[in-house]
Amino acid sequence: MNYVLIGMPGSGKSTLGVLLAKYLGFSFLDTDLVIQNKESKLLREIIEEKGTDGFLRIEDDIGSGIHVDRTVIATGGSMVMGEAAMNNYRENGKIIYLSIPFEEMERRLANEYRRRGVVLLEGQTLLDMYDARCRLYEKYADVTIAEQNLSLEETLQKVLEEII
């Protein structure tokens, strides 16, 4: 059994994932780091070189090829756009959507989204991305945790209440 964290960029998937893995005695895997290691480049460099579609293909390929057990997996915010990856996660774990309001995502990213390697489709604004991805997160989620006004510890507690 794995626990797969999905959600917007800046929703705290990696930070929470480490704490959840420690609490459960599970391994932790961050798919963004797997992608960077495999490509020997930062996410933003991959996006610049291969374009958005190329990056999404790499992300879906890597996500669909992850086969682990007793692992908390923090996905990149755009991983949810890869059907093969999400089907793999669905078959091998419970998917937890960390939901934050648009304004909170915007505040957490603080105009750093391009430097972080956030995927925006051609002509897409952050709000467009948010709206499109929310539908996908909701489609795949087994559990949704609304993080608004919660501390990291409170979010962890809510996740644990849902999975234990």
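**Figure 1. Pairing of strands β1 and β4 in the predicted model.** Strand β1 (residues 2-7) pairs with strand β4 (residues 93-99) in the parallel sense, over six bridges. Strands (E, at least two residues) and helices (H or I, at least four) are DSSP runs, numbered from the N terminus; two strands count as paired if DSSP finds at least two bridges between them. Val-4 is placed opposite Ile-95 of β4, and Asn-2 has Gly-93 as its bridge partner in β4. The model is predicted: local features need pLDDT of at least 70 and side-chain atom pairs count only at pLDDT 80 or more, whereas totals for chains, interfaces and linings use all residues. Residues are numbered from 1 along each chain as its sequence is written, and side-chain values use heavy atoms, with hydrogens and water left out.

**Figure 2. Both faces of β1, and its pairing with β3.** Six of the six residues of β1 are buried, where buried means under 20% relative accessible area, exposed over 50% and partly exposed in between (1.4 Å probe, protein chains only). In a regular strand, side chains alternate between the two faces of the sheet. Asn-2, Val-4 and Ile-6 point one way from β1, while Tyr-3, Leu-5 and Gly-7 point the other way. Strand β3 (residues 71-74) pairs with β1 through three bridges, in the parallel sense, and Leu-5 stands opposite Ala-74 of β3.

**Figure 3. The five-stranded sheet and the helices α1 and α2.** The sheet is open, with parallel pairing and the strand order β2-β3-β1-β4-β5. Its edge strands, β2 (27-30) and β5 (143-146), each pair on one side only. From one strand to the next, the twist averages 20°. Helix α1 (residues 13-24) packs on the sheet, where it touches β1, β2, β3 and β4, and its direction makes about 160° with that of β1. Helix α2 (residues 31-39) lies across β2 and β3 and runs at about 60° to β2. Axes are lines fitted to C-alpha atoms, for helices over the stretch in contact, and angles run from 0 to 180 degrees between N-to-C directions; contact means heavy atoms within 4.5 Å.

**Figure 4. Strand β3 and its pairing with β2.** Both faces of β3 are covered: Thr-71 and Ile-73 are buried on one side, and Val-72 and Ala-74 on the other. β2 and β3 run parallel and are joined by four bridges. Asp-30 stands opposite Ala-74 in β3.

**Figure 5. The buried and exposed sides of helix α4.** In α4 (residues 83-92), the buried residues are Ala-85, Met-86, Asn-88 and Tyr-89. These residues cover an arc of only 155° around the axis, so they lie on the same side of α4; the arc is that of the directions from the helix axis to the C-beta atoms. Glu-83 and Glu-91, on the other side of α4, are exposed. The cover over the buried residues of α4 includes β1, α2, α3 (43-64), β3, β4 and α7 (126-140).

**Figure 6. The buried face of helix α5 and the residue after the helix.** Phe-102, Met-105 and Leu-109 are buried in α5 (residues 102-109). Viewed down the axis of α5, the buried residues fall within an arc of 65° and therefore line one face of the helix. Glu-103 and Arg-107 are exposed on the other side of α5. Ala-110, just after α5, takes a positive phi of about 40°.

**Figure 7. The largest pocket and its lining.** This pocket holds about 460 Å³ of space. Among the 28 lining residues, Pro-9, Ser-14, Asp-32, Leu-43 and Arg-116 are the closest to the pocket centre. At least two lining residues come from each of α1, α2, α3 and α6 (113-116), and α3 supplies the largest share, four residues. On a 1 Å grid over the protein atoms alone, a pocket is an open set of points with protein on both sides within 12 Å along at least five of seven lines, a cavity is a set of points where a 1.4 Å probe fits but cannot get out, and lining residues have an atom within 4 Å of a point. Grid points are joined across faces, edges and corners, and a volume is the space filled by probe spheres set on the points.

**Figure 8. The largest cavity and its lining.** One cavity of 30 Å³ or more is found in a search of the whole structure. The largest cavity has a volume of about 40 Å³. Its lining consists of Asn-2, Val-4, Ile-66, His-67, Val-68, Ile-73, Asn-88, Tyr-89, Asn-92 and Gly-93. β1 and α4 each supply at least two of the lining residues, and α4 gives the most, with three.
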